[in-house]
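Let's take a look at the aromatic rings in this protein and see how they sit beside one another. Have the sequence and the 3D view ready.

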Amino acid sequence: MLFSVGCVWHLIYLCTARGRQFLRDMWPRISDGADLWNMLLHNLGRPESPPRFGRFSFVEKMEYWALIWGSVIMAGTGLFLWFDNVAVQYIPKGVLDVLLIIHFLEAVLATLAIAIWHFYFTVLRPGVYPGNPSWLTGKMPLEMHRHEHPAEYDAEDVDA
């Protein structure tokens, strides 16, 4: 229930001016595919410098959209499972069994994504370790932000 309230709160936020800007910045672009490819090459030793990310990197965008997709799956299947006595009057029990499997596997996938992908990129990755304090304070230290999102400062450096 708390998760659903958080989802509704996020939808309300997306209706504000800041929320719409957040959604525009979070929307996947072709350049994100190029950034992914360049990051893979960088991790293999070519080129020397990693891609320069703006407000959100392809990693953050992938994580956000995976959260949205997972939320829709969990909420949709969860509602049927929560009200199974009502649902079974309209759909066969076999469908509820399939929804239960989908709900369970999505929960496993989400747990693994958090334990491996999210934990690495927000806590263990060099340059971030021992963690980004923004989850506590709501703000990222300026030097960490300049290191993680240098393209956001490119226009600022030209103006200076």
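## A word to know first

A residue counts as buried when its relative accessible area is under 20%, as exposed when that area is over 50%, and as partly exposed in between. Keep in mind that this is a predicted model.

By that yardstick, Tyr-120 is partly exposed, because its relative accessibility is 37%. Trp-117 falls in the partly exposed class too, at 30%, and Phe-121 is partly exposed at 23%.

## Rings along helix H6

A pair of aromatic rings is described by the distance of the centres and the angle of the planes. The structure has 9 aromatic pairs. One of them joins Trp-117 to Phe-121: the centres are 4.9 Å apart, the planes make an angle of 50 degrees, and the pair is tilted.

Where do Trp-117 and Phe-121 sit relative to each other in helix H6? They are 4 residues apart in this helix, which covers residues 93–124, so about one helical turn separates them. Phe-121 also pairs with Tyr-120. Here the centres lie 5.1 Å apart and the planes meet at 80 degrees, so this pair is edge-to-face.

## Elsewhere in the model

Now for a cluster: ring pairs connect Tyr-13, Phe-22, Trp-27, Phe-56, Tyr-64 and Trp-65.

There's a charge to spot as well. Arg-146 has its charged end over the ring of Tyr-153, at 4.2 Å from the ring centre.

Methods. Residues numbered from 1 in each chain as written. Predicted model: local features only at pLDDT ≥ 70, side-chain atom pairs only at ≥ 80, totals over all residues. Heavy atoms only, no water. Phe/Tyr/Trp six-rings, centres within 6.5 Å; stacked < 30°, edge-to-face > 60°. Helix = DSSP H or I, 4+ residues; strand = E, 2+ residues; numbered from the N terminus. Buried < 20%, exposed > 50% of the residue type's maximum accessible area, 1.4 Å probe, protein only. Lys NZ or Arg CZ within 6 Å of the ring centre and 35° of its normal.
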